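Grab a pencil and work through these exercises one at a time. Try each task yourself before you read the solution.

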Amino acid sequence: MTEKNGFEPRIIGFLCNWCSYAGADLAGVSRIQYPPNIRIIRVMCSGRIDPVFILEAFKDGADGVLIGGCHLPSDCHYISGNFKALRRISLIRKVLSEFGFEPERVRLEWISASEGDKFAAVVRDMTEQIRKLGPSPVRMPEVRA
Ligand code: FES
């Protein structure tokens with residue numbers, strides 16, 4: 001990943017342990033190619049993702065945030081975590097848009113453990129989408145020594 005010839009998005013991915021993280025792992029072991037722009041943080045459930053995590057990610061330099069969870073309605077291992085994530089993410093997207101963020105910078109996807117190809121496709125698509133949007137409105141310019 002280089003920024004020499006242009007902007008390279010930084011994406012933070014919060015992935016639930018039981019489905020989306022396993023899907024990302026499957027993409028890896030299956031050697032499915034996807035951009036190296038994502039940094040993954042494993043959480044036990046998408047319902048564990050506090051909106052503050054998303055704000056902190058942007059504050060710390062992310063250009064986009066991907067949240068991955070188990071498919072609706074009944075795949076969540078904690079019964080209703082994915083419903084909680086759905087409500088919270090739609091709310092945080094509205095709040096962020098009030099502050100000049102494009103809502104596309106926050107994306108919620110349901111990715112199962114068997115969907116390594118879907119995980120890779122989502123990362124490819126989101127990287128391209130964020131590349132078109134440009135850097136986050138709060139991203140600080142990098143200081144080079
Ligand atoms: S355990 Fe995956 S969304 Fe709840």
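Helices (H or I, at least four residues) and strands (E, at least two) are DSSP runs, numbered from the N terminus. You're looking at a predicted model, where local features need pLDDT of at least 70, side-chain atom pairs count only at pLDDT 80 or more, and totals for chains, interfaces and linings use all residues. Residues are numbered from 1 along each chain as its sequence is written, and side-chain values use heavy atoms, with hydrogens and water left out.

**Exercise 1: the overall fold**

Describe the secondary structure of the chain and how compact the chain is.

Solution.
- Step 1: count the elements. The chain has 4 helices and 4 strands.
- Step 2: put them in order. Going along the sequence, you get β-α-β-α-β-α-β-α.
- Step 3: check the radius of gyration (taken over C-alpha atoms; the globule rule is 2.2 Å times the number of residues to the power 0.38). The chain comes out at 15 Å, close to the 15 Å that the rule gives for 145 residues, so it is as compact as a globular protein of that length.
- Step 4: look at the extent. The C-alpha trace spans about 45 × 35 × 25 Å along its principal axes.
- Step 5: see what is tucked away. Buried means under 20% relative accessible area, exposed over 50%, and partly exposed in between (1.4 Å probe, protein chains only). Buried residues are 43% of the 145 in the chain.
- Step 6: look at contacts, meaning heavy atoms within 4.5 Å. Of the contacts between residues at least 6 apart in sequence, 78% join residues at least 24 apart.

**Exercise 2: aspartate 63**

Work out where aspartate 63 sits and what surrounds it.

Solution.
- Step 1: find the place. Aspartate 63 is in the loop between helix H2 (51–59) and strand E3 (64–69).
- Step 2: is it buried or exposed? Aspartate 63 counts as buried, because its relative accessible area is 0%.
- Step 3: list the neighbours. Setting aside residues within four places in sequence, its contacts include Phe7, Glu8, Arg10, Arg105 and Arg139.
- Step 4: look for a polar partner. A polar atom of the aspartate 63 side chain lies 2.9 Å from the backbone nitrogen of serine 136.
- Step 5: check a long-range neighbour. Isoleucine 130 is 67 residues from aspartate 63 in sequence, yet their C-alpha atoms are 7.0 Å apart in space.

**Exercise 3: an aromatic pair**

Find what kind of pair tyrosine 34 and phenylalanine 119 form, and say which parts of the chain the pair ties together.

Solution.
- Step 1: know the rule. Rings of Phe, Tyr and Trp (its six-membered ring) pair if their centres lie within 6.5 Å; planes under 30 degrees apart count as stacked, over 60 as edge-to-face and the rest as tilted.
- Step 2: apply it. The whole structure has 3 aromatic pairs. In one of them, tyrosine 34 and phenylalanine 119 are 5.2 Å apart centre to centre with 85 degrees between the planes, which is edge-to-face.
- Step 3: place both rings. Tyrosine 34 is in the loop between helix H1 (20–29) and E2, while phenylalanine 119 is in helix H4 (residues 116–133), so the pair ties together parts 85 residues apart in sequence.
- Step 4: compare the cover. Tyrosine 34 is partly exposed at 27% relative accessibility, whereas phenylalanine 119 is buried at 0%.

**Exercise 4: cysteines**

Say how many disulfides the structure holds.

Solution.
- Step 1: recall the idea. A disulfide is a covalent bond between the sulfur atoms of two cysteines. The test here is a pair of cysteine sulfur atoms within 2.5 Å.
- Step 2: count. The structure holds 0 disulfides.
- Step 3: check two cysteines. Cysteine 19 is buried at 6% relative accessibility, and cysteine 70 is buried at 3%.

**Exercise 5: odd backbone spots**

Find out what is unusual about the backbone at arginine 31, isoleucine 79 and proline 73.

Solution.
- Step 1: take arginine 31. This residue lies in the loop between H1 and E2, and its phi is positive, about 55 degrees, although it is not a glycine. Arginine 31 is exposed, with 72% relative accessible area.
- Step 2: take isoleucine 79. Its phi is also positive, near 75 degrees, and isoleucine 79 sits in the loop between E3 and H3. At 67% relative accessible area, isoleucine 79 is exposed.
- Step 3: take proline 73. The peptide bond from leucine 72 to proline 73 is cis, with omega near -5 degrees. Proline 73 belongs to the loop between E3 and helix H3 (81–98).

Note on methods
Polar contact = N/O pair within 3.5 Å; in protein donor to acceptor, adjacent residues only side chain to side chain.
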